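Here are a few exercises to work through with the model open in your viewer. Try each task before reading its solution.

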Amino acid sequence: MDMQTSFLDRLFESGLLIDTSVDGLYGRSGQFEDVITAFERLIDKVGGADGAEAMRFPPGMNRAFFEKSGYMKSFPQLAGTVHSFCGSELDHVSLLQCMEVGEDWTKGQEATDIVLTPAACYPLYPTVAKRGNLPKTGGLFDLQSYCFRHEPSKDPARQQLFRMREYVCMGTEEHVTDFRQRWMDRGVEMMKQLGLEVVIDVANDPFFGRGGKMMVNNQRDQNLKFELLIPITSAAKPTACMSFNYHQDSFGLKWDLSLEDGSVAHTACVGFGLERIALALLHHHGLDTVEWPESVRKALWG
Ligand code: 5GP
Ligand code: ZN
């Protein structure tokens with residue numbers, strides 16, 4: 001049995017994760033949620049004084065905004081769309097017949113106006129753009145959302161529906177790259193407090209297909225994405241538990257985000273993978289949070 005499957009089995013046996021018979025789709029116990037709540041409190045403590053504007057969006061977003069974002073150009077393999085039955089009574093009868101005989105009943109489903117949110121910051125850009133020019137101080141936003149990515153796996157650190165906490169900064173190039181650097185330093189410090197060994201490395205998103213290779217190279221060459229990595233189910237391939245993304249002015253141009261003087265805003269976002277951080281803690285300090293080192297418990301629960 002590989003390390004991923006055995007860790008997943010231990011998480012099921014302990015009840016921390018609840019099996020749904022779909023890889024990457026899990027229920028979570030009260031104890032698991034308690035770790036996430038405590039970690040989010042730590043995020044608030046570290047970042048709270050920055051005065052970010054909090055917004056919470058549901059895990060589905062406007063399909064038109066999703067289309068405009070270009071997600072289907074870069075990551076078609078990960079997207080999830082919400083479809084519904086929109087037919088007549090007759091269509092309903094044939095749908096039920098299909099189900100009865102075990103045929104594919106989903107073919108008649110039609111796309112709704114909603115797609116599943118792929119990253120917590122996606123619904124933010126069109127929302128901020130609608131307000132008009134950003135103030136002189138730029139914009140700083142605090143987000144958290146369940147996100148969907150279609151990548152079924154036995155690795156408990158790769159889930160299809162997981163929570164991402166994000167800070168998003170909008171402003172000049174200097175303003176947003178300073179923000180990103182500040183959170184890289186803070187991220188390392190936070191994980192140190194939690195007794196987790198981390199490295200930060202340059203990274204890339206999983207752009208689709210042959211055309212995607214160019215995007216990967218460009219992202220890496222320009223240091224647009226960094227990840228904070230912690231070994232969870234593999235020492236050789238540690239897991240990205242935070243990411244630090246600099247979008248240059250690409251989202252500013254796409255969404256028409258302007259600064260007070262009319263120049264195009266640069267943006268950056270910093271994401272915490274909440275389940276991954278909980279799993280890193282459980283992997284390193286054991287499955288019973290009561291037994292965790294005193295310093296770690298103090299950092300999380302005071
Ligand atoms: P990114 O947009 O950089 O791919 O993801 C942001 C953060 O979300 C990552 O640093 C990671 O912590 C978390 N994340 C990304 N993919 C997954 C996944 O498949 N499962 C879980 N649990 N977290 C993920
Ligand atoms: Zn983001």
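## Exercise 1: an open sheet

In this predicted model, three strands pair antiparallel in an open sheet whose order is 4-6-5.

**Task.** Work out which strands stand at the edges of this sheet, and find the bridge partner of His 83 in strand 6.

**Solution.**
- Step 1. Strand 4 (60–62) and strand 5 (81–84) each have a single partner strand, so they stand at the edges and one side of each is left without a neighbour in the sheet.
- Step 2. Take the angle next: on average, and with direction ignored, neighbouring strands here are turned by 50 degrees against each other.
- Step 3. Now look at one pair: strand 5 and strand 6 (residues 110–116) run antiparallel and are joined by three bridges.
- Step 4. His 83 has Ala 111 as its bridge partner in strand 6.

## Exercise 2: a glutamine in a loop

**Task.** Decide whether Gln 109 is buried or exposed, and find which backbone nitrogen its side chain reaches.

**Solution.**
- Step 1. Locate the residue: Gln 109 sits in the loop between helix 5 (89–100) and strand 6.
- Step 2. Its relative accessibility is 18%, and the cut-off for buried is under 20%, so Gln 109 counts as buried.
- Step 3. The side chain of Gln 109 reaches the backbone nitrogen of Phe 85 at 3.4 Å.

## Exercise 3: positive phi

**Task.** For Gln 248 and Asp 256, give the phi angle, the loop and the exposure class.

**Solution.**
- Step 1. As background, most residues other than glycine have a negative phi.
- Step 2. Gln 248 is not a glycine, yet its phi is positive, at about 50 degrees. Gln 248 lies in the loop between strand 11 (239–246) and helix 9 (250–255). With a relative accessible area of 26%, Gln 248 is partly exposed.
- Step 3. Asp 256 is not a glycine either, and its phi is positive, at about 65 degrees. Asp 256 belongs to the loop between helix 9 and strand 12 (266–273). Its relative accessible area of 59% is over the 50% cut-off, so Asp 256 is exposed.

## Exercise 4: the second largest pocket

**Task.** Describe the space in the second largest pocket and the residues that line it.

**Solution.**
- Step 1. The second largest pocket holds about 290 Å³ of space.
- Step 2. Its lining has 19 residues, and those nearest the centre are Thr 137, Gly 138, Gly 139, Leu 140 and His 175.
- Step 3. Strand 7 (139–148) and helix 7 (173–193) are the elements that give two or more residues to this lining. Helix 7 supplies the largest share, four residues.
- Step 4. By character, the lining divides into seven nonpolar, seven polar and five charged residues.

Key: Residues are numbered from 1 along each chain as its sequence is written. Chains are lettered from A and ligands numbered from 1 in the order in which they are written. This is a predicted model: local features need pLDDT of at least 70, side-chain atom pairs count only at pLDDT 80 or more; totals for chains, interfaces and linings use all residues. Side-chain values use heavy atoms; hydrogens and water are left out. On a 1 Å grid over the protein atoms alone, a cavity is a set of points where a 1.4 Å probe fits but cannot get out, and a pocket is an open set with protein on both sides within 12 Å along at least five of seven lines; lining residues have an atom within 4 Å of a point. Grid points are joined across faces, edges and corners, and a volume is the space filled by probe spheres set on the points. Ala, Val, Leu, Ile, Met, Phe, Trp, Tyr, Cys and Pro count as nonpolar, Asp, Glu, Lys and Arg as charged, and the others, Gly among them, as polar. Two strands pair if DSSP finds at least two bridges between them. Axes are lines fitted to C-alpha atoms, for helices over the stretch in contact, and angles run from 0 to 180 degrees between N-to-C directions. Buried means under 20% relative accessible area, exposed over 50%, partly exposed in between (1.4 Å probe, protein chains only). A polar contact is a pair of N or O atoms within 3.5 Å; within protein, one must be able to donate a hydrogen and the other to accept it, and residues adjacent in sequence count only if both atoms are side-chain atoms.
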